[in-house]
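Welcome, and thanks for taking a look at this one. Please have the sequence and the 3D view open side by side while you read.

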Amino acid sequence: MRDKPEIVIVSAVRTPFSKFDTVMADIPSIDLGVMVMREVIERVGVGPGEVDDISYGSCVPAEVALELDVPARQATLLAGFPAENISVSLDRACCSSLTCVRLGIRAIKAGEAQIVMAAGAENMPRTPHLAPGLRKGERLGHIRLVDPLFELGYQAKGFNAVAKDAGEVALEYGVDRAMQDAWALGSQEKYARARAEGKFKIGEELMPVVIPQKRGEPVVIEADESPRKTSMEALAKLKPIYGSPTVTAGNAPTMSAGASAILMMPAATAEKRGLKPLASVVSIVASATAPRDIAAIPAFTIQKALADAGLTIDDMDLIEINEAFAAMPLVSTKILAEGDNQKWKALQDKTNVNGGAIAIGHPVGASAARITMTLAYELRRRGGGYGVAAICGGLAQGEAIVIRV
Ligand SMILES: CC(C)(COP(=O)(O)OP(=O)(O)OC[C@H]1O[C@@H](n2cnc3c(N)ncnc32)[C@H](O)[C@@H]1OP(=O)(O)O)[C@@H](O)C(=O)NCCC(=O)NCCS
C-alpha cells in the first residue's frame, strides 16, 4: 500500500444520522445516497462526468428492495452522473463503505480510474417486514411476517445475534457491563462536548437534509438525532437485548437512516486541480475471523493495516473504532494494548474522542465512511498526524484504514 501513487481524500461528507422514529426515516436510502454523492463532488468542483468509478455500500437489502435493486446504479443516475458511469452496489455488512474506499483505491492503482467515489447509504427504520411464502399463497393458517431488523443477526442460518456474540466475548476479555455502560456514557458526553465546541457543524462532515413539505417551509435536518443525556444509573437500569449478557439500548447505537460519501484521487491530480487534500491514505485492508469474535475483529484489522503501513499503534495520534456496541472499542483497545493496562487506558483516551455511534447513530452501510471522515476532520483540527479507523461487520468481518493528515 505504501507504493506510489499517493492517494488522497479530497472531499468527505455525510448526512446527519437519524433516530428510529423520525421524518428522515421516510426517505429511501437511495435518495440519501443521491444527496451525499452530489454534495461530495460539488464541494470541490469536480463534475459528475469526471468521476470514473463509484462503489456504493448498503447492507439492509430489504429496505433497498422497496426500490427493487442496484442502488448504486439508481443513485448515480438520479444524482446526475452520466449514463456511462461505472458503479457497483456492494454489501460487506457494516464494513461496506470502507470496502468501497478500498476498491476505489485499487481502481486508481490498477490504472483503471483517476477520480473515484466511495459512498454508503442506509435507512434501517424504513425496512419493511417480509412475507415469505405469500407469492405461492397460504392455503390454510396464519400469514407469517418476518422482521429483517429483529435481533440483527443471522439466526435463520444458525448464527447468533451480533449483540449476543459481542457481549459474551467482551466478558471473556474482562470487559463487563459496567465498563460498557461507562464507555456509552463517555460516548454521549464526548459528542455533546464536541458539538458545544462547534464540531459536527454543517460544512465539515455534515450536510443538511432538506425535506420539502406539501405546504409550508421544508423540514431541514442539520444535526444527528440520537445523542441523548444519560447517566450510569439510567444505563444500569436497562435490560440486555437479543439474549446478550451485557448489550442494552444504552450501550448500543440506535438504528438509523443516513448516508456518507468520500472522493479520492492521486495526490498529483489533486495538486493539479488546486485541491487541498483532507487526508492521505497510508494503508487500507480487510480481514475476517470466526463470527463469534465480532468485538475483537477491529483490533485484528488495525494490526493488519498498521503492519501494511510499517507503523505501530503508538504512532497513531487518534483512533476510531466503530461503536457497533461499547464492547467493540473496549475489547479492541484491550487487544491492541497487549496486556498493558496503562497502555489500554491511553489507547481508550485517544479512541472516538468526539464520541461514536452510540451517540451519533449507526446507519450500517454508511458508518465506515463516517468514522473515516470523523477521524480526518479531527486530525485536521489538531494540525495533523496519523490516525486509524476500524469497523466490524456482520459475522466478524473487518475493514481498517490508516490515514495521515
Ligand atoms: C437496542 C434497540 C433494540 C433499542 O430499540 P428501541 O427499543 O426502539 O430503543 P429506544 O430508544 O426506545 O430505547 C429503549 C429504552 O431504553 C431507553 N434508553 C435508550 N438509551 C438510553 C440511554 N442512553 N440512557 C437511558 N435510557 C436509555 C429508552 O428511553 C427506552 O426506554 P423506554 O422503553 O422506557 O421508553 C435497537 O436500537 C437496536 O437493536 N440497536 C442495535 C443496533 C445494532 O445492533 N447495531 C449494530 C449492528 S452490527
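The briefing below goes from the overall fold to the core, the strands, the ligand shell and one loop residue.

This is a predicted model. The protein chain holds 13 helices and 11 strands, and 53% of its 405 residues are buried. A good place to begin is the fold as a whole, before zooming in on single residues.

**Overall fold**

- The radius of gyration of the protein chain is 20 Å, which agrees with the value near 22 Å that a compact globule of 405 residues would have.
- If you are setting up a box, the C-alpha trace spans about 60 × 60 × 40 Å along its principal axes.
- Among contacts in the protein chain with a separation of 6 or more, 80% link residues that are 24 or more positions apart.

**The nonpolar core**

- The largest nonpolar core contains 127 residues, and those touching the most other members are Ala119, Ala166, Ala261, Ile262, Ala327 and Ala376.
- Helix H13, covering residues 364-381, gives the most to this core, with 10 residues.
- Ala166 makes a handy example of how distant parts of the sequence come together: leaving aside neighbours within four places in sequence, Ala166 is in contact with Ser244, Val247, Ile294, Ala295, Ala324, Phe325, Ala327 and Met328.
- One of those partners, Ala327, is itself in the group of core residues that touch the most other members.

**Strands S1, S7, S8 and S11**

- Strand S1 (residues 7-14) is largely enclosed by the rest of the structure, because 8 of its 8 residues are buried.
- S1 runs antiparallel to strand S7 (residues 257-266), and 7 bridges join the two.
- S1 also pairs with strand S8 (residues 279-288), again in the antiparallel sense, over 3 bridges.
- Ile9 is worth selecting in your viewer: Ile9 stands opposite Met264 in S7 and opposite Ala279 in S8.
- Ile7 stands opposite Val281 in S8.
- S8 is mostly covered, with 7 of its 10 residues buried.
- S8 is also joined to strand S11 (residues 397-404) by 8 bridges, and these two strands run antiparallel.
- Within that pairing, Ser280 has Arg404 in S11 as its bridge partner.
- A general point to keep in mind when you look at these elements: side chains in a regular strand alternate between the two faces of the sheet.

**The shell around the ligand**

- The ligand is surrounded by 20 residues, and the closest are Thr230, Ala234, Ala249, Gly250 and Ala252.
- By type, the shell divides into 15 nonpolar, 4 polar and 1 charged residue.
- Helix H5 (162-172) and helix H7 (232-236) each supply at least two residues of this shell.

**A loop residue: Glu225**

- Glu225 lies in the loop between strand S6 (219-221) and H7.
- Is Glu225 buried or exposed? Glu225 is buried, because 22 other C-beta atoms lie within 10 Å, and 20 or more are enough to count as buried.
- Not counting residues up to four places away in sequence, Glu225 touches Pro16, Phe17, Ser18, Lys19, Thr22 and Gly361.
- Glu225 and Glu6 are 219 residues apart along the chain, and their C-alpha atoms are separated by 36 Å.

Methods
Residues are numbered from 1 along each chain as its sequence is written. This is a predicted model: local features need pLDDT of at least 70, side-chain atom pairs count only at pLDDT 80 or more; totals for chains, interfaces and linings use all residues. A residue is near a molecule or strand if its C-beta atom, placed from the backbone, lies within 6 Å of it. Helices (H or I, at least four residues) and strands (E, at least two) are DSSP runs, numbered from the N terminus. Ala, Val, Leu, Ile, Met, Phe, Trp, Tyr, Cys and Pro count as nonpolar, Asp, Glu, Lys and Arg as charged, and the others, Gly among them, as polar. A nonpolar core is a set of buried Ala, Val, Leu, Ile, Met, Phe, Trp, Tyr and Cys residues joined through C-beta atoms within 7 Å. A residue is buried if 20 or more other C-beta atoms lie within 10 Å of its own, exposed if 12 or fewer, and partly exposed in between; C-beta atoms are placed from the backbone. Two residues are in contact if their C-beta atoms, placed from the backbone, lie within 7 Å. The radius of gyration is taken over C-alpha atoms; the globule rule is 2.2 Å times the number of residues to the power 0.38. Two strands pair if DSSP finds at least two bridges between them.
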